[in-house]
Amino acid sequence: MNSTRNRQTRGATVGRLETGRFWRTSWLVFLGPLFLLGCCLPRGASAQPTVDTVAERMLLYQRANGGWPQPGGNRIDYDKPLSEAARKALTAERDQLDTTIDDGATTREINYLVSAYAKTGNTAYLQAAERGIAFLLSAQNRAGGWPQFYPDSSKYRGQITYNDGAMIDVLWVMHRTATGQHGFDRVSPRFVPQAKAAIDRGISCILNTQYRQGNKLTVWCAQHDRRTLLPTKARAFELPSLSGSESVGIVQFLMQQDNPSPDVKTAIRSAVAWFEQVKLVGIAVKTVSDPNQPSGRDQVVVPDSGSTLWARFYDLDTNRPFFTGRDSVKKYKLADIENERRVGYGWYGTWPARLLAKDYPNWVKKWGN
């Protein structure tokens with residue numbers, strides 16, 4: 001009797017164990033693939049890749065060579081929905097060679113797509129960003145600089161372009177690719193050595209294009225000839241000059257380099273000294289209504305004891321601020337150029353103010369004079 005009871009107890013126990021083993025096996029069968037899939041996803045991504053509408057439009061605008069255009073010379077509005085006809089037109093234009101880094105084009109999209117991939121897990125976004133990085137690497141010229149457009153090198157499009165931060169925007173993408181910062185750790189590691197090499201060549205280009213007045217280093221022009229490396233002209237009102245605007249972004253990039261070389265330190269110190277030398281104390285620029293002007297408004301320079309400004313363009317040899325209309329004639333008063341250019345361009349600004357007040361002193365504390 002006891003033997004029978006023991007056999008029944010052992011049978012029940014085995015049954016419970018077998019049942020438990022069945023359910024554990026079932027959970028592995030059904031949940032195992034999901035667990036493995038989750039392990040392979042980027043951090044923060046969901047199991048099912050989701051769609052980012054802005055990123056989707058960026059994919060449509062991307063050209064076959066990996067870069068992005070700037071249709072009509074204007075930044076693309078990615079918040080604007082696309083009609084079916086517009087989508088078909090973009091697909092048909094995919095092989096066009098109008099790709100550019102002007103006004104943040106291409107670098108803007110790469111930065112966004114890397115971020116979109118981190119949020120959605122949609123690999124199409126990362127792949128598009130990587131094609132963009134490959135495009136930028138291919139666009140770097142022998143001097144280490146980047147042109148405003150590539151491969152189109154007509155007119156001034158092939159010149160080394162610091163204008164509006166174009167080349168520095170590219171170098172920041174290279175920096176993020178090389179360091180894995182801002183989500184770029186998800187970019188394929190094959191780009192890391194290429195990005196590091198591109199940065200080294202880019203810094204060499206920056207040092208080689210810094211303009212000398214005699215034996216004295218100053219700053220940079222908005223664009224430099226890709227062969228002679230000298231300041232050169234772009235649009236009719238953008239003559240060879242020393243830039244009070246673009247030079248700031250160049251210095252800020254140089255200051256982010258670890259263990260800066262003596263040449264990099266000299267470049268930074270020289271540029272900062274030039275900014276101090278050419279600052280314009282005691283003036284301000286105001287926009288005023290003026291019905292007598294074609295635009296109905298005007299920009300005027302007025303005295304202001306509490307204001308310090310810098311000019312966009314300075315003479316290469318005298319450091320005198322100048323202004324130019326569409327006739328390409330250099331003038332030394334803002335009032336002397338046509339109204340359309342007076343109100344349609346940033347001739348004065350406070351661009352170096354933060355650099356001088358905060359960024360440079362902090363850099364000196366870290367790296368010394």
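Two pockets and a helix pair

Mentor: In this predicted model, 13 residues line the second largest pocket, and Gln252, Met255, Gln256, Asp359 and Trp363 are the ones nearest its centre.

Trainee: Which elements give two or more residues to that lining?

Mentor: Helix H6 (166-179), helix H8 (246-255) and H11 do.

Trainee: And which of them gives the most?

Mentor: H11, with 5 residues.

Trainee: What volume does the second largest pocket have?

Mentor: About 260 Å³. Its lining divides into 4 nonpolar, 6 polar and 3 charged residues.

Trainee: Back to H11. At what angle do the axes of H9 and H11 cross?

Mentor: Roughly 150°, and the axes come within 12 Å. H9 covers residues 262-278 and H11 covers residues 353-367. Angles over 145 degrees count as roughly antiparallel, so H9 is roughly antiparallel to H11.

Trainee: Left-handed or right-handed crossing?

Mentor: Left-handed.

Trainee: Which residues meet there?

Mentor: From H9, Lys265, Ile268, Arg269, Val272, Phe275 and Glu276; from H11, Leu355, Leu356, Tyr360, Trp363 and Trp367. By class, this contact of H9 with H11 has 8 nonpolar, no polar and 3 charged residues. Trp363 is in this contact and is also among the residues nearest the centre of the second largest pocket.

Trainee: New topic. What is the volume of the largest pocket?

Mentor: About 310 Å³. It has 17 lining residues, and Gln70, Gly73, Asp102, Phe149 and Tyr156 are the closest to its centre.

Trainee: How do the residues of that lining divide?

Mentor: The lining of the largest pocket has 4 nonpolar, 6 polar and 7 charged residues.

Definitions and conventions:
Residues are numbered from 1 along each chain as its sequence is written. This is a predicted model: local features need pLDDT of at least 70, side-chain atom pairs count only at pLDDT 80 or more; totals for chains, interfaces and linings use all residues. Side-chain values use heavy atoms; hydrogens and water are left out. Axes are lines fitted to C-alpha atoms, for helices over the stretch in contact, and angles run from 0 to 180 degrees between N-to-C directions. Helices (H or I, at least four residues) and strands (E, at least two) are DSSP runs, numbered from the N terminus. Angles under 35 degrees count as roughly parallel, over 145 as roughly antiparallel, 65 to 115 as roughly perpendicular and the rest as oblique. A crossing is left-handed if the near helix is turned anticlockwise from the far one by less than a right angle, and right-handed if clockwise. Contact means heavy atoms within 4.5 Å. Ala, Val, Leu, Ile, Met, Phe, Trp, Tyr, Cys and Pro count as nonpolar, Asp, Glu, Lys and Arg as charged, and the others, Gly among them, as polar. On a 1 Å grid over the protein atoms alone, a cavity is a set of points where a 1.4 Å probe fits but cannot get out, and a pocket is an open set with protein on both sides within 12 Å along at least five of seven lines; lining residues have an atom within 4 Å of a point. Grid points are joined across faces, edges and corners, and a volume is the space filled by probe spheres set on the points.
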